[in-house]
Amino acid sequence: MTEPTAVLVRPATAADLPAAAAALADAFADYPWTRWVVPADDHAARLAELQHLYLAHALAHGVVLVDDAVTGVVALVPPDVPAPDDATWARVAELHGDRIGRLAEGGAAPAPDGAWTLATLGVARAGQGRGVGGALLAAALGRVDAAGAPVALETSDPRNVALYERHGFTTTGHVQVPAGPPVWAMVRPAR
């Protein structure tokens, strides 16, 4: 029997952003939340550009890690992360189109004071099931643990709840967005 290959995790660079955004767009192609907040018209291209914008902001202000092949990515932002600049926000709004208001409809539970936000975690479909997501999450949480802060997230896929529970998160809220997907809020206490 062959031993599984170790997943090499490293900090992302600006040069990784196109591949990382493509990996996230692939990972979230059928994700309930992105299907609901990103219009169907040219969905894949809109999603890839949105992921690139969000990752660039996280890279500038938080922690973005990728596996060595850039098939997966995780991004966390600190509690004091600034809002995106006006030009970035305008492009985000344009890409979301008439669904932009839906972004505010999640809100299953407020994050605790001082919590970092797990903004995204995804692995391209061809790389799933190989431990990439778990390795990225563990490495990212290790960085936040060094800061002694809790981590909060929201997810719209019940399968993700189990993954996050294995990494110390507990569900703090659950809502069914009217005409939209379910949303689970989860928190991992400071370590």
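Which residue of S3 does Leu65 stand opposite? In this predicted model, Leu65 faces Val74 of S3. The two strands concerned, S2 (63–67) and S3 (72–77), run antiparallel and are joined by four bridges. They form a hairpin with four residues between them, and in the turn Val70 adopts a positive phi of about 55 degrees. On from this hairpin, S3 also pairs with S4 in the antiparallel sense, over six bridges; here Val73 has Gly122 of S4 as its bridge partner.

Strand S3 is largely enclosed by the rest of the structure, because six of its six residues are buried. Its two faces are both covered, with Gly72, Val74 and Leu76 buried on one side and Val73, Ala75 and Val77 buried on the other. This arrangement may be read against the general pattern of strands. In a regular strand, side chains alternate between the two faces of the sheet.

The wider sheet is open and consists of seven strands in the order S1-S2-S3-S4-S5-S7-S6, with mixed pairing. S1 (9–11) and S6 occupy the edges; each has a single partner strand, so one side of each is left without a neighbour in the sheet. On average, neighbouring strands are turned by 25 degrees against each other, direction ignored. Parallel pairing is found between S4 and S5, which are joined by two bridges, and the bridge partner of Trp116 in S5 is Val151. Helix H1 lies across S2, S3 and S4 and runs at about 80 degrees to S4.

The largest nonpolar core comprises 27 residues, of which Ala20, Trp33, Leu55, Val64, Val66 and Val73 touch the most other members. Two or more residues of this core come from each of helix H1 (17–27), helix H2 (32–37), helix H3 (43–61), strand S2, strand S3 and helix H4 (86–96). Apart from this core lies another, of 23 residues, including Trp116, Leu118, Tyr164 and Trp184. Within the larger core, the surroundings of Leu55 can be listed in full. Beyond its neighbours within four places in sequence, Leu55 is in contact with Leu17, Ala20, Ala21, Leu24, Val64, Val73, Ala75 and Thr120.

Helix H6 (residues 158–166) has Val161, Leu163 and Tyr164 as its buried residues. These residues lie on the same side of H6, because they cover an arc of only 165 degrees around the axis. The face turned away from this buried side bears Arg159 and Arg166, both exposed. Packing of the buried residues of H6 involves strand S4 (116–123), helix H5 (132–147), strand S5 (151–155), strand S6 (170–176) and strand S7 (182–188). Just after H6, Gly168 takes a positive phi of about 95 degrees.

Three aromatic pairs are found in a search of the whole structure. In one of them, the rings of Trp33 and Trp36 have centres 5.5 Å apart and planes at 55 degrees, so the pair is tilted. Both residues belong to helix H2, where Trp33 and Trp36 are three residues apart, about one turn of the helix. Trp33 counts as buried at 16% relative accessibility, and Trp36 likewise counts as buried at 10%. The rings of Tyr164 and Phe169 have their centres 5.6 Å apart; their planes stand at 65 degrees, so this pair is edge-to-face. Tyr164 and Phe169 are both buried.

Methods
Residues are numbered from 1 along each chain as its sequence is written. This is a predicted model: local features need pLDDT of at least 70, side-chain atom pairs count only at pLDDT 80 or more; totals for chains, interfaces and linings use all residues. Side-chain values use heavy atoms; hydrogens and water are left out. A nonpolar core is a set of buried Ala, Val, Leu, Ile, Met, Phe, Trp, Tyr and Cys residues joined through side-chain atoms within 4.5 Å. Buried means under 20% relative accessible area, exposed over 50%, partly exposed in between (1.4 Å probe, protein chains only). Contact means heavy atoms within 4.5 Å. The arc is that of the directions from the helix axis to the C-beta atoms. Two strands pair if DSSP finds at least two bridges between them. Rings of Phe, Tyr and Trp (its six-membered ring) pair if their centres lie within 6.5 Å; planes under 30 degrees apart count as stacked, over 60 as edge-to-face and the rest as tilted. Axes are lines fitted to C-alpha atoms, for helices over the stretch in contact, and angles run from 0 to 180 degrees between N-to-C directions.
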